[in-house]
Amino acid sequence: MPLVFLALDDTLLDRSGAFRLWAKGFLDEIAAPQDDLDWLVAVDADGLTSRWDLADQLRDRYQLRVPAIDLVDELYEGPLAHERLDPMIGCALEIAADAGLIPVVVTNGAAEQSEGRIRRTGLDRYVADWVISEQAGVSKPNPRIFALAAQRVRMRLAGAWVLGDSPEADIGGAAALGLPSVWLHRGREWVDTRFAPTRVAGNVIQGISAIMATR
């Protein structure tokens with residue numbers, strides 16, 4: 001029964017899509033040009049930009065008088081209102097579990113927010129467990145976080161797969177452990193020469209299928 005370590009953002013949950021929907025509504029609300037949508041998505045950088053830094057950029061660009069802390073709260077909470085678990089992903093996880101795979105979420109992020117997203121979307125019903133970097137005290141790609149995830153479900157790392165969209169955090173973490181991996185390309189080309197994924201897929205459902213096909 002091999003483990004499958006799955007990323008959360010833009011793997012199991014469409015974080016980028018939810019942010020884009022929120023961003024469109026936010027720009028409408030402040031009467032900003034919709035052409036600025038691509039700019040806002042770009043500076044968000046898939047959530048890697050600090051919310052405080054992004055709030056400062058928004059305040060400066062649009063001369064907003066909203067307190068920074070209120071804007072930071074909106075940047076955290078606003079996209080969550082648009083976040084849903086794709087029912088087809090839930091079905092794929094059920095099929096994987098029926099086939100003997102053990103799906104475990106391994107994600108970098110704040111513990112309370114990340115766990116809230118897992119539970120709010122109903123993802124908790126489809127995975128064996130989850131490990132969140134803030135709670136674990138270690139982040140991907142550090143191999144320790146994957147070892148902790150295996151311990152949570154009382155399984156060995158041997159035979160596990162890593163599936164995610166981040167070249168560094170997910171595929172780099174798998175490479176550090178010598179584990180096979182599936183990279184979700186999201187329209188990107190693989191450019192890292194230090195390591196490479198075992199498989200490449202367009203979405204998590206294809207990724208799970210690729211892992212099942214190797215059994």
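The following exchange concerns two helix pairs, a cavity and a pocket in a predicted model.

Modeller: Residues are numbered from 1 along each chain as its sequence is written, and side-chain values use heavy atoms, with hydrogens and water left out. Because the model is predicted, local features need pLDDT of at least 70 and side-chain atom pairs pLDDT 80 or more, while totals for chains, interfaces and linings use all residues.

Colleague: Why are H5 and H10 called roughly parallel?

Modeller: The axes, lines fitted to C-alpha atoms over the stretch in contact, give an angle from 0 to 180 degrees between N-to-C directions. For H5 and H10 that angle is about 15°, with the axes 9 Å apart. Angles under 35 degrees count as roughly parallel, over 145 as roughly antiparallel, 65 to 115 as roughly perpendicular and the rest as oblique. H5 and H10 are therefore roughly parallel.

Colleague: And why are H1 and H2 called oblique?

Modeller: The axes of H1 (residues 15-29) and H2 (residues 37-44) cross at roughly 135° and come within 10 Å, so the two helices are oblique to each other. The contact, meaning heavy atoms within 4.5 Å, includes Phe19, Trp22 and Phe26 of H1 and Leu40 and Val41 of H2.

Colleague: What makes up the contact of H1 with H2 by class?

Modeller: There are 8 nonpolar, no polar and 5 charged residues. Ala, Val, Leu, Ile, Met, Phe, Trp, Tyr, Cys and Pro count as nonpolar, Asp, Glu, Lys and Arg as charged, and the others, Gly among them, as polar.

Colleague: Which residues of H5 meet H10?

Modeller: Met88, Ile89, Ala92, Leu93, Ile95 and Ala96 of H5 meet Val204, Ile205, Ile208 and Met212 of H10. This contact has 10 nonpolar, no polar and no charged residues.

Colleague: What makes one space a cavity and another a pocket?

Modeller: On a 1 Å grid over the protein atoms alone, a cavity is a set of points where a 1.4 Å probe fits but cannot get out, whereas a pocket is an open set with protein on both sides within 12 Å along at least five of seven lines; lining residues have an atom within 4 Å of a point. The count comes to 1 cavity of 30 Å³ or more. The largest cavity holds about 50 Å³, and its lining has 9 nonpolar, no polar and no charged residues. Leu93, Ala96 and Ile208 are among them.

Colleague: How is the largest pocket lined?

Modeller: The largest pocket, of about 840 Å³, is lined by 33 residues, with Asp9, Asp46, Gly47, Leu48 and Asn108 nearest its centre. H9 gives the most to this lining, with 4 residues. By class the pocket lining has 13 nonpolar, 7 polar and 13 charged residues.

Conventions. Grid points are joined across faces, edges and corners, and a volume is the space filled by probe spheres set on the points.
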